[in-house]
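Colleague: I should like to go through this model with you, beginning with its internal spaces. Please reason each answer through and close on the value or name I ask for.

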Amino acid sequence: MYDFETLVDRRHTTSVKWHMIEEDMGAGNDDVIAMSVADMEFKPAPEIVDALVHAAQTDIFGYDYATDAYFDALVGWMDRRHHWRIRPEWVSLSDGVMPAVNTALRAVTHPGDKVIIQGPVYYPFTAAAEHNGLTILNNQLIMDEAGHYTMDFDDLAAKAADPRCTAIMLCNPHNPVGRVWSADELRRLGDICIDNGVTVLADEIHADFSYPGHPVTMYGTLGERYAQHCFEFTAPTKTFNLAGLLCSNVITANPELKRAFDVAAENIAGLTVSHFGLIACQAAYNTAEPWLDELMEVLAGNLALLRDFAAATPGVTLVEPEGTYLAWLDCRGLGFGCCCELRDFMRNEARVYFDEGVLFGDAGSGFERVNLACPRPMLATVLERIGKAIAARGERNER
């Protein structure tokens with residue numbers, strides 16, 4: 001029904017993902033394929049485009065506010081997709097999840113406090129902590145021999161008990177390792193944090209992406225005890241590839257926490273959502289759900305392609321994702337001496353530009369994060385290039 005096959009050439013456009021290649025590698029690298037930044041290479045849902053075109057033709061672009069219809073769309077989406085009946089008065093708006101996360105940190109921490117992250121994790125978490133004068137406590141995830149990641153709850157409890165520790169940045173589903181945390185895992189984390197006065201900042205921007213057998217539990221659905229001690233950050237921007245339209249939602253059931261967030265936002269002259277962001281979000285949640293359902297089938301097919309590649313390629317192992325449209329590829333078996341060698345191999349020999357695993361923390365060294373949200377022929381070309389480059393390297397090493 002929808003077009004997930006057309007490859008739109010985004011080179012030499014305002015796309016950050018594709019422009020990064022020229023910035024880092026210089027001119028003359030137009031053959032390099034971008035697989036880094038977590039946006040999609042798919043054409044947008046036509047229902048959203050139609051709503052934006054109508055707005056462009058009929059609206060006046062003055063200062064906006066979110067209407068009841070906007071909140072109805074958001075409430076309906078959370079109810080249908082996540083079985084969570086939120087209230088409009090719980091919602092604050094932001095132009096993006098990370099501006100909102102930074103604002104929430106300023107609401108519940110002070111410079112010199114400590115904040116927990118769970119590496120290897122989305123690297124803007126580290127930047128948010130540093131920019132707000134916080135000391136990072138890394139509750140590093142545990143990877144077993146089967147490549148499955150779990151939380152280290154004993155270490156989490158020890159770090160949360162630090163009297164200067166006031167917040168944790170939770171990634172659910174986890175970017176980049178792909179874990180969808182179970183209700184039991186989230187509840188155990190929540191109990192530790194609540195008992196130690198640690199506020200949970202739950203980045204759930206990937207919550208709409210999960211694979212069969214791994215339903216996403218949004219943190220606030222665990223019950224009142226948990227919902228009263230957290231901020232939850234959601235957005236249509238990953239789900240429907242709308243990052244450039246600047247729209248996200250902060251859900252806070254605790255009125256005191258919400259007030260603290262809103263004050264922190266006002267202290268930087270307020271967070272806002274673009275006119276087209278409001279239009280697109282409302283249209284996405286009300287009319288584009290079938291597009292997402294079809295997208296999930298496409299992503300499952302792309303994941304199967306990557307899975308087959310990893311199984312057939314010595315030195316490469318797929319960490320099976322439970323959610324997100326990202327995959328964590330363990331390349332340590334290729335035998336590179338350092339992360340820079342792996343990066344240079346992928347860029348210069350395979351001609352593929354990834355977000356390198358080490359960006360997500362030292363525990364990510366030797367890994368590559370693969371963006372599955374692209375037409376299948378593009379992914380097939382990427383994997384073919386990597387396979388040929390690995391084979392050529394093996395031949396050189398045998399000489």
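Colleague: How do the residues of the lining of the largest cavity divide into nonpolar, polar and charged?

Modeller: The model is a predicted one. The lining of the largest cavity includes Trp 77, Met 78 and Ile 205, and also Glu 204, Asp 208 and Thr 234. Sorted by type, the lining residues come to two charged, two polar and seven nonpolar.

Colleague: Which helix gives the most to the lining of the largest cavity?

Modeller: Trp 77, Met 78 and His 82 are among the lining residues. The helix that spans residues 68-82 gives three residues, the most to this lining. That element is helix H3.

Colleague: How much space lies in the largest cavity?

Modeller: The search covered the whole structure and found one cavity of 30 Å³ or more. The space in the largest cavity is about 60 Å³.

Colleague: Turning to the largest pocket, which residues lie nearest its centre?

Modeller: This pocket has a volume of about 1,100 Å³, and 44 residues line it. The lining divides into ten charged, ten polar and 24 nonpolar residues. Those nearest the centre are Asp 39, Asn 241, Leu 242, Ala 243 and Gly 244.

Colleague: Which helices each supply at least two residues of that pocket lining?

Modeller: The lining of the largest pocket takes at least three residues from domain 1 (16-44 + 288-398) and at least three from domain 2 (47-287). The helices that each supply at least two residues are H1 (16-25), H2 (46-58), H4 (97-108) and H9 (236-239).

Colleague: What is notable about the phi angle of Asn 241?

Modeller: Asn 241 belongs to the loop between H9 and strand S10 (248-251), and it is among the residues nearest the centre of the largest pocket. Asn 241 is not a glycine, yet its phi is positive, at about 60°.

Colleague: Where does Arg 351 lie, and is it buried or exposed?

Modeller: Arg 351 also has a positive phi without being a glycine, with a value near 65°. Its place is the loop between helix H13 (339-350) and strand S13 (352-356). The cut-off for buried is under 20% relative accessible area. Since the relative accessible area of Arg 351 is 17%, this residue is buried.

Colleague: How far apart do the C-alpha centres of domain 1 and domain 2 lie?

Modeller: The domain assignment gives domain 1 as 16-44 + 288-398 and domain 2 as 47-287. Contacts join 34 residues of domain 1 with 37 residues of domain 2. The distance between their C-alpha centres is 26 Å.

Colleague: Why does the largest nonpolar core lie between the domains, and which element gives the most to it?

Modeller: The core has 83 residues, and Met 35, Phe 240 and Leu 299 have the most contacts inside it. Because domain 1 and domain 2 both give residues to this core, it lies between them. The element that gives the most, with ten residues, is H12.

Colleague: Which residues does Leu 299 contact, leaving aside neighbours within four places in sequence?

Modeller: Leu 299 is one of the residues with the most contacts inside the largest nonpolar core. Apart from this core lies another of 29 residues, including Phe 153 and Trp 328. The contacts of Leu 299 are Phe 42, Phe 209, Tyr 211, Tyr 325, Leu 372 and Ala 373.

Colleague: Is Asn 302 buried or exposed, and what is its relative accessible area?

Modeller: Asn 302 is part of helix H12 (residues 289-312). With neighbours within four places left aside, Asn 302 is in contact with Leu 372, Cys 374, Arg 376 and Leu 379. Its C-alpha atom is 8.4 Å from that of Pro 375, although 73 residues separate the two along the chain. Asn 302 is buried, and its relative accessible area is 0%.

Colleague: What relative accessibility makes Asn 132 count as buried?

Modeller: Asn 132 sits in the loop between helix H5 (124-131) and strand S4 (135-138). Beyond four places in sequence, Asn 132 touches Asn 102, Leu 105, Arg 106 and Pro 111. Asn 132 counts as buried because its relative accessibility is 11%.

Colleague: What is omega for the cis peptide bonds that lead into Pro 173 and Pro 176?

Modeller: Pro 173 lies in the loop between strand S7 (165-171) and helix H7 (183-195), and Pro 176 is placed in the loop between S7 and H7 as well. The bond between Asn 172 and Pro 173 is cis, with omega about -10°. For the cis bond from Asn 175 to Pro 176, omega is near 25°.

Note on methods: Residues are numbered from 1 along each chain as its sequence is written. This is a predicted model: local features need pLDDT of at least 70, side-chain atom pairs count only at pLDDT 80 or more; totals for chains, interfaces and linings use all residues. Side-chain values use heavy atoms; hydrogens and water are left out. Helices (H or I, at least four residues) and strands (E, at least two) are DSSP runs, numbered from the N terminus. Buried means under 20% relative accessible area, exposed over 50%, partly exposed in between (1.4 Å probe, protein chains only). Contact means heavy atoms within 4.5 Å. On a 1 Å grid over the protein atoms alone, a cavity is a set of points where a 1.4 Å probe fits but cannot get out, and a pocket is an open set with protein on both sides within 12 Å along at least five of seven lines; lining residues have an atom within 4 Å of a point. Grid points are joined across faces, edges and corners, and a volume is the space filled by probe spheres set on the points. Ala, Val, Leu, Ile, Met, Phe, Trp, Tyr, Cys and Pro count as nonpolar, Asp, Glu, Lys and Arg as charged, and the others, Gly among them, as polar. Domain bounds come from an automatic or database domain assignment. A nonpolar core is a set of buried Ala, Val, Leu, Ile, Met, Phe, Trp, Tyr and Cys residues joined through side-chain atoms within 4.5 Å.
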